Amino acid sequence: MTLFPGLLLEQCSYKDQFDNLEKHTQWGIDVLEKYVKFVKERTEIELSYAKQLRNLSKKYQPKKNSKEEEEYRYTSTRAFLATLNEMNDYAGQHEVISENMTSLITGELTRYVQELKQERKSHFHDGRKAQQHIETCWKQLEASKRRFERDCKEADRAQQYFEKMDADINVTKADVEKARQQAQLRHQMAEDSKAEYSSTLQKFNSEQHDHYYTHIPNIFQKIQEMEERRIVRIGESMKTFAEVDRQVIPIIGKCLDEITKAAESIDHKNDSQLVIEAFKSGFEPPGDIEFEDFTQPMKRTVSESSLSNSRGDGKSEPKFGGKSKGKLWPFIKKNKLMSLLTSPHQPPPPPPASASPSAVPNGPQSPKQQKEPLSHRFNEFMTSKPKIHCFRSLKRGLSLKLGAGPEDFSNLPPEQRRKKLQQKVDELNKDIQKEMDQRDALTKMKDVYIKNPQMGDAASVDHRLAELGQNIEKLRIEVQKFEGWLAEVEGRLPMRTEQARRQSGLYEAQNTSAVNSCAQDRESPDGSYTEEQSQETEMKVPATDFDDEFDDEEPLPTIGTCKALYTFEGQNEGTISVAEGEMLYVIEEDKGDGWTRIRRNEDEEGYVPTSYVEVYLDKNAKGAMTYI
C-alpha cells in the first residue's frame with residue numbers, strides 16, 4: 001500500500017509536500033461540504049414538491065356541503081377522488097425521502113465535517129511542531145559547527161604565533177611561555193568545540209532520522225487515514241442517498257397501482273344509470289297532435305297545440321302530469337318572453353350603509369341551491385300541463401323555479417319531487433332520533449338526580465325536557481306533512497286534500513269562468529305556478545282571444561306603499577331605478593328571494609331589493625307585514 005510517507009523520498013522538499021497535503025485535505029473537506037449542501041438542497045426540493053402535491057390534492061378535493069359532494073357518487077369522480085388521495089400519500093413518500101436524507105446524510109455528514117476539521121487541525125499542528133523541532137536542532141548544529149570552526153582557526157593562529165615567538169632570539173623567555181600557554185588554551189578550546197560539535201551532530205542526526213522516518217511518517221499516515229475515511233464516508237453517503245429513494249419505491253408503486261385500480265373501476269354504464277335516476281322526471285312523452293280539418297264548415301276546435309286539452313267535444317277529462325301535451329311558446333310574444341327569461345334571479349345587492357347583506361335587519365340572503373340551466377326549466381315549462389293563465393302567473397311560476405322553490409317541491413317533476421320529499425323525510429327522522437336520544441339521556445340524568453339529590457337538582461332538566469318534547473312534536477308534524485305529499489306522489493293517495501294544499505301553502509282557482517280574464521290564476525301566495533293532478537274543465541278558446549289576452553294583461557293591484565331608503569340603479573332586466581326618499585306603490589311582496597315588485601306609474605314597474613325600501617302593506621292585504 002502506497003502511503004503518504006512516500007512523499008518523503010526527496011527530503012529537501014518535505015516542507016513543500018507537507019503544504020501540498022494541507023491543501024489537498026482542505027480540498028477534500030470542501031468537497032464533503034459541497035456534497036452536504038447538495039443533499040440539503042435535494043431535501044428542500046422534496047419538501048417543496050410534497051407540499052405542492054398536497055396543495056394540489058387539497059385544491060381539487062370536494063368542498064363540504066357543496067354540489068361537488070353529490071358529483072362524487074359517479075365512478076369516474078370517485079376514481080378521481082381516489083387519485084387525489086393517492087397523490088396525497090405519494091407526497092408523503094417524498095416527505096419521507098426528505099426526512100431520511102436530512103437525518104441519515106445531512107445531519108451525519110455535518111457532524112463528521114466538524115470532527116474532520118478538528119482532526120485535520122490536530123495533525124497539521126503536530127506536523128508544524130515536529131518541523132519546528134527539527135529546524136531548532138539544525139540551528140543548534142550549525143551554531144556548534146561554526147563555533148568549532150572558529151576555535152580551530154583560533155588554535156592554528158595561536159600555534160603559529162607561539163612558533164614564531166619561539167624562533168625569535170630577541171623575544172624574552174616570558175613572552176615565549178605566554179605564547180605557548182595561549183596556544184595550548186586555544187587547542188583545548190578547539191578540542192572542546194570539536195567534542196560539542198560531534199555530540200550535537202550525533203544528536204541532530206538522530207533527531208533528523210526520527211523526524212523523517214518516525215514523526216513525519218506517522219503524521220502523514222494519520223492524515224492519509226483521515227483522508228481515506230473521508231472518501232469512504234462520502235461513498236457510503238452516496239449509497240444511502242440511493243437507498244433512501246429505493247426504500248419508498250415500493251410504496252410509490254403501490255400508490256400508482258391504486259390509481260390504476262381506481263381507473264379500472266370506472267363503470268360507464270353505472271354512471272349513465274345514475275344520471276338517469278338523478279334526472280328522471282316521470283313525465284310521459286306528449287301524444288300526437290290531432291289533425292284540424294279546416295275544410296269542414298263547422299266551428300273550429302282548439303287543437304292540442306293550444307292552451308287547453310279539449311279533444312273536440314269540450315268534455316271534462318281527468319288530466320295527469322304524464323299526459324301534458326300543450327305548448328305555450330307559440331303564443332308568447334317576444335317582448336314578454338324576454339321579460340320572463342330576464343327577471344332578476346340573482347341575490348339583490350346589500351344597502352350602501354351596511355358592510356354586507358347580513359348587516360341589514362331585513363336583508364335577503366342569497367339563494368343556496370344551484371340553479372338549473374334555463375333551457376331545462378324552459379323546456380319543462382313548455383311541456384307542462386296546458387291551462388289558461390295570464391302572463392303574470394306564468395312569469396311568477398318560472399321565477400319560482402329559478403329561485404327558491406315551494407316547501408312541497410311541487411315545482412319539480414314527479415320523480416325528482418319524490419326523491420326530494422323522501423330525502424326531507426329521512427332528514428326529519430334523523431332529527432327526531434337525535435332529539436329523542438337527548439331526551440332519553442336527560443331522562444336518565446333526572447332519574448339519577450332523583451335517586452341521588454346530592455348530584456344535582458332534578459327540576460333543573462324539566463325545562464329542557466319540555467323543549468325537547470315540543471321539538472319532537474313539531475318534527476313529527478313536519479314528517480306527517482311531508483309523508484302525505486310523498487304518498488300523494490307515489491300514488492298512495494288519489495288526490496291532494498284541502499289540508500295538504502294549506503300545508504304546502506298553495507291553492508288553485510276552482511272557477512273556470514275566470515280563464516279569459518286571468519282574474520283568478522292558479523297562483524300560490526308565494527307566486528308559484530302549480531300543476532295539480534285534479535279534474536278541471538277544459539275550455540275552447542279561439543287563438544285570437546289568447547293573443548289579445550297577453551296584450552291586454554290586467555295590471556297587478558297595489559297592496560301597499562314603500563319609501564326608498566337608498567338610491568338603487570336598476571341596470572338588470574326586470575329591475576327599476578329608484579331615488580332615495582321616493583314614494584312608490586307595492587304590487588308584489590318579497591317571496592323570500594330578496595326582491596320586492598313596485599310600481600311608479602302605469603308604465604313603470606319592476607323589482608328592487610327589499611332591503612333598499614321600507615314597505616307599508618295594507619292591513620287588508622294577505623300576510624301584511626312591514627319591512628324595515
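**Overall architecture, nonpolar cores and the strand 4–strand 5 hairpin**

The secondary structure of the protein comprises twelve helices and seven strands, as assigned on a predicted model. Of the 628 residues in the protein, 37% are buried, and the exposed surface amounts to about 37,700 Å², of which carbon and sulfur atoms supply 52%. Among contacts between residues at least 6 apart in sequence, 72% join residues that are at least 24 apart.

The largest nonpolar core contains 30 residues, and the members that touch the most other members are Leu-32, Tyr-35, Met-101, Ile-105, Ile-219 and Phe-220. At least two residues of this core are supplied by each of helix 1 (14-59), helix 3 (75-167) and helix 4 (173-264), with the largest share, eleven residues, coming from helix 3. The surroundings of Ile-105 were examined further: when residues up to four places away in sequence are not counted, Ile-105 touches Tyr-35, Val-39, Asn-100, Thr-110, Ser-237, Thr-240 and Phe-241. A second core, separate from the one just described, consists of 16 residues, including Ile-559, Ala-564, Val-578 and Trp-595.

Strand pairing was then considered for strands 3, 4 and 5. Strand 3 (residues 560-564) and strand 4 run antiparallel and are joined by four bridges, and within this pairing Cys-562 has Leu-584 of strand 4 as its bridge partner. Strand 4 also pairs with strand 5, again in the antiparallel sense, over three bridges; here the bridge partner of Glu-588 is Arg-597 in strand 5. Strands 4 and 5 form a hairpin in which six residues lie between the two strands, and Gly-592, located in the turn, has a positive phi of about 100°.

The loop between strand 4 (583-588) and strand 5 (595-599) contains Asp-590, a residue whose side chain makes polar contacts with backbone atoms of the loop. The backbone nitrogen of Gly-592 is placed 2.9 Å from a polar atom of the Asp-590 side chain, while the backbone nitrogen of Gly-594 lies 3.0 Å from a polar atom of that side chain. Asp-590 is classed as buried because its relative accessible area, 16%, falls under the 20% limit applied for burial. Taken together, the turn of this hairpin combines a glycine with positive phi, Gly-592, with a buried aspartate, Asp-590, and the backbone nitrogen of that glycine lies 2.9 Å from a polar atom of the aspartate side chain.

Notes
Residues numbered from 1 in each chain as written. Predicted model: local features only at pLDDT ≥ 70, side-chain atom pairs only at ≥ 80, totals over all residues. Heavy atoms only, no water. Buried < 20%, exposed > 50% of the residue type's maximum accessible area, 1.4 Å probe, protein only. Polar contact = N/O pair within 3.5 Å; in protein donor to acceptor, adjacent residues only side chain to side chain. Core = buried A, V, L, I, M, F, W, Y, C linked by side-chain atoms within 4.5 Å. Contact = heavy atoms within 4.5 Å. Areas by Shrake-Rupley, 256 points an atom, 1.4 Å probe, with all protein chains shown as cover. Pairing = 2+ DSSP bridges.
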